[in-house]
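Q: Please take a close look at one chain, working outward from a single helix. Cut-offs should be stated where terms are used.

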Amino acid sequence: MKHVITGDHAVAIGAKLCRVEVVPAYPITPQTLIIEHIAEFVNDGEMNAKFMTMESEHSVMSAAAGASAAGARVFTATSSQGLAFMHEMVYATAPLRLPVVMVNVNRSLSSPPGIWVEYNDSMGERDSGWLQVYVEDNQEALDMVIQSYRIAEDKRVLLPIMPCLDGFVLSHTVEPVDVPDESLVDSFLSPYEPDVYLNPEQPAVIGMLMPPQYFMEMRRQTAGAVEAAKEVVVEVNREFAKVFGRDYGGLIDTYRMEDAQIALITIGTVTSTARKVVDDMRNEGKKVGIVKLRFFRPFPAEELRAALSGMGAVGVIDRSISYNGGGPIFSEVRSALYGMTMPVINHLAGIGGRDVTENLIMTMFELTLEAAKGGKVKEVIWHETRGETL
Amino acid sequence: MFEVRFHGRGGQGAVMAAQTLAEAAVIEGNYAVAFPFFGAERRGAPVLAFTRIDSGKIYSKTQVYTPDCVVVLDDSLLDTIDVVAGLKPDGSVVINSKDAPTDIDLGMEVHTGAVNATSVALEILKAPITNTAILGALAKVTGIVSIESIEAAIKRRFGEKLGEKIGERNAVAARTAYERTVTGKSMGVKRLEQKKQWLPTHQELPVGGALVAGKTDAGLIGPGSFTENNVSGWATFRPVRDREKCTMCLLCWFYCPEGTIVRISDKGDLMTNYDYCKGCGICANECPVDAIKMVRARV
């Protein structure tokens with residue numbers, strides 16, 4: 001049944017459908033609606049979960065880790081400063097292999113203060129061992145909450161995962177969302193049953209000190225789990241498509257890449273707008289396509305190499321900045337494409353919530369086409385930034 | 001380059017000893033570095049510290065594997081740790097022991113200096129902290145620094161931290177130990193059985209490092225594994241209870257941080273499990289009727 005709801009509402013319904021058992025929560029704009037909806041579900045008896053309002057985000061993630069270690073299915077959500085505040089516990093959760101699902105509603109990190117979309121918050125957790133997936137519409141937001149539990153709780157993975165959606169552009173935008181039947185979700189997602197958890201019948205030590213003679217192996221184990229997530233993401237996507245009829249492509253998605261000469265790598269809601277731009281440009285005979293980066297962790301390096309092989313040039317959109325030349329996705333993409341010879345151009349845009357318009361995306365395509373023809377194009381372009389030239 | 005490895009127990013001051021030796025070497029115009037390696041820090045647990053001395057800047061930032069000298073602050077360590085591992089054949093050992101070097105079996109015949117540093121420390125410092133006394137012995141055995149430089153370094157480091165008086169008293173401890181140190185060749189008979197370590201590959205390591213009680217070739221792991229860890233050798237003193245004086249108030253049972261005081265009958269009689277008692281003395285300190293005396297566990 002189609003509901004006309006916000007991205008935050010879709011996420012909250014997703015958590016409810018997954019029969020989440022524990023929700024430690026602390027509100028922050030633009031994530032607040034998620035927490036409010038879940039509080040209502042719990043209050044109205046629609047959701048049988050322990051809802052805990054905590055005194056800070058640091059405590060939220062501590063409680064989330066603890067509840068997960070006790071064997072519960074845990075959901076929470078945060079944004080921006082909230083994510084930064086829980087940074088320590090975010091790092092604590094992944095190597096312990098606790099499959100917490102936490103939605104991050106992307107918002108800029110202070111300073112300067114702002115409440116609008118930028119990916120610097122979640123990019124800051126790049127090396128924490130959490131999986132990250134970015135969505136382009138409210139349907140994908142809901143669907144990825146459901147898929148996230150399947151991926152995170154898979155015995156080959158057992159890692160926390162962070163579905164990310166654009167602040168306001170999705171979180172506060174209503175659009176039609178197909179809310180699946182509870183029974184359908186039940187058939188797709190079984191209850192979480194960990195092998196080892198905090199159980200008085202079988203005492204376990206979880207999170208003990210690891211001296212140097214164990215530490216490298218622990219890190220290697222977590223790295224292996226992130227690697228293993230790649231095939232699980234693909235499997236879960238395939239199975240989800242079978243059950244629910246929606247196929248998101250797995251680690252990446254492509255749009256009109258069959259005979260494309262250049263490609264733009266997009267992430268989040270920019271992808272959605274760019275689809276229309278591609279159609280318009282294709283009508284003008286320009287052979288452009290999109291590679292939608294869905295998962296940032298695990299990073300789909302091989303998949304990108306395969307998808308971008310033969311491109312005359314590649315443009316990378318970054319909605320965050322690493323203060324070291326370009327954006328974080330650009331760095332990773334260029335590293336993934338090492339040895340391939342096409343120019344790779346970084347398009348910085350939409351940072352801090354500035355609108356990424358169709359015209360702007362068209363400019364990105366044009367500049368990337370120019371680079372493919374051997375024209376002189378800057379490697380890192382600050383789009384629509386006063387004082388910068390293209 | 002002259003490299004020293006200190007073996008001690010948490011609380012004996014091995015780290016301060018290593019640092020003070022470095023300071024003494026610097027006083028003599030050399031370059032020196034000193035650094036600790038801690039396991040899980042706690043009083044009584046085996047600790048390592050290192051000192052490197054050279055005429056010019058020292059670049060190596062690694063642990064010491066082939067020392068010129070090994071210092072043993074607690075001879076109970078000889079039962080479990082191969083203190084001479086990697087020691088150069090022409091190296092030396094400085095050991096806190098009541099025995100003469102010729103009666104000490106290090107598993108290697110090597111130039112050794114022995115002194116009862118615990119007695120020296122108890123006599124002069126009124127506490128079993130042997131780190132300054134042992135430095136006096138080190139000066140005598142190795143000659144790498146003079147006893148005068150050791151005294152000066154102790155006064156500087158300990159004086160700054162703990163006051164001039166304590167600095168001077170520790171220098172006296174070093175001098176006393178210097179004079180009482182007996183040198184000779186140690187015995188090289190015993191072969192320490194290498195304690196097996198549980199070293200899983202990253203594939204074998206339990207998921208998330210979460211351990212349930214289990215048995216490995218190297219012993220128990222997970223909850224309850226501490227029962228294999230006999231720490232009776234850690235104690236300098238051990239509590240002895242006078243059953244006549246004891247009122248069975250159970251304050252000692254309550255306060256023992258290691259749970260080594262066990263109620264063994266319905267009447268509530270008590271027994272101290274010396275396998276796990278580290279001799280901290282909290283029970284004696286808390287006893288309201290002075291029924292517990294701390295006596296030397298080793299002389």
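A: The account below starts with a helix and ends with the contact between chains.

The model is predicted: local features need pLDDT of at least 70, side-chain atom pairs count only at pLDDT 80 or more, and totals for chains, interfaces and linings use all residues. Residues are numbered from 1 along each chain as its sequence is written, while chains are lettered from A and ligands numbered from 1 in written order.

Helix α2 of chain A covers residues 32-43. Helices (H or I, at least four residues) and strands (E, at least two) are DSSP runs, numbered from the N terminus. At 1.5 Å a residue, the 12 residues of α2(A) should span 16 Å, and the end C-alpha atoms are 16 Å apart, so the two values agree. The expected span is 1.5 Å times one less than the number of residues. Just after α2(A) comes A:Gly45, with a positive phi near 75°.

The buried residues of α2(A) are A:Leu33, A:Ile34, A:Ile35, A:His37, A:Ile38 and A:Phe41. Buried means that 20 or more other C-beta atoms, placed from the backbone, lie within 10 Å of the residue's own; 12 or fewer means exposed, and values in between partly exposed. An α-helix has 3.6 residues a turn, so residues three or four places apart point the same way. The cover over these buried residues includes α1 (7-17), β2 (22-25), β3 (50-53), β4 (75-78) and β5 (101-106) of chain A.

One residue of strand β4 of chain A is A:Thr76. A:Thr76 counts as buried because 30 C-beta neighbours lie inside 10 Å. Beyond four places in sequence, A:Thr76 is in contact (C-beta atoms, placed from the backbone, within 7 Å) with A:Val23, A:Pro24, A:Ala25, A:Val60, A:Ala64 and A:Met102. A:Met102 is 26 residues from A:Thr76 in sequence, but their C-alpha atoms are 4.7 Å apart.

The largest nonpolar core has 125 residues, among which A:Val11, A:Leu159, A:Ala263 and A:Ile265 touch the most other members. Such a core is a set of buried Ala, Val, Leu, Ile, Met, Phe, Trp, Tyr and Cys residues joined through C-beta atoms within 7 Å. Helix α7 (residues 138-153) of chain A gives the most to this core, eight residues. At least three residues come from each of domain 1 (2-244) and domain 2 (252-382) of chain A; these bounds come from an automatic or database domain assignment.

The C-alpha centres of the two domains of chain A are 28 Å apart. Their contact takes 24 residues from domain 1 of chain A and 17 residues from domain 2 of chain A. On the domain 1 side, α9(A) has the largest share, five residues.

Between the chains, 20 residues of chain A are in contact with 16 residues of chain B. The chain B side has 10 nonpolar, six polar and no charged residues. Here Ala, Val, Leu, Ile, Met, Phe, Trp, Tyr, Cys and Pro count as nonpolar, Asp, Glu, Lys and Arg as charged, and the others, Gly among them, as polar. Strand β9 (residues 204-205) of chain A and strand β8 (residues 211-212) of chain B run antiparallel, joined by two bridges; strands pair if DSSP finds at least two bridges between them. A:Val205 has B:Leu211 as its bridge partner in β8(B).

Conventions
Two residues are in contact if their C-beta atoms, placed from the backbone, lie within 7 Å.
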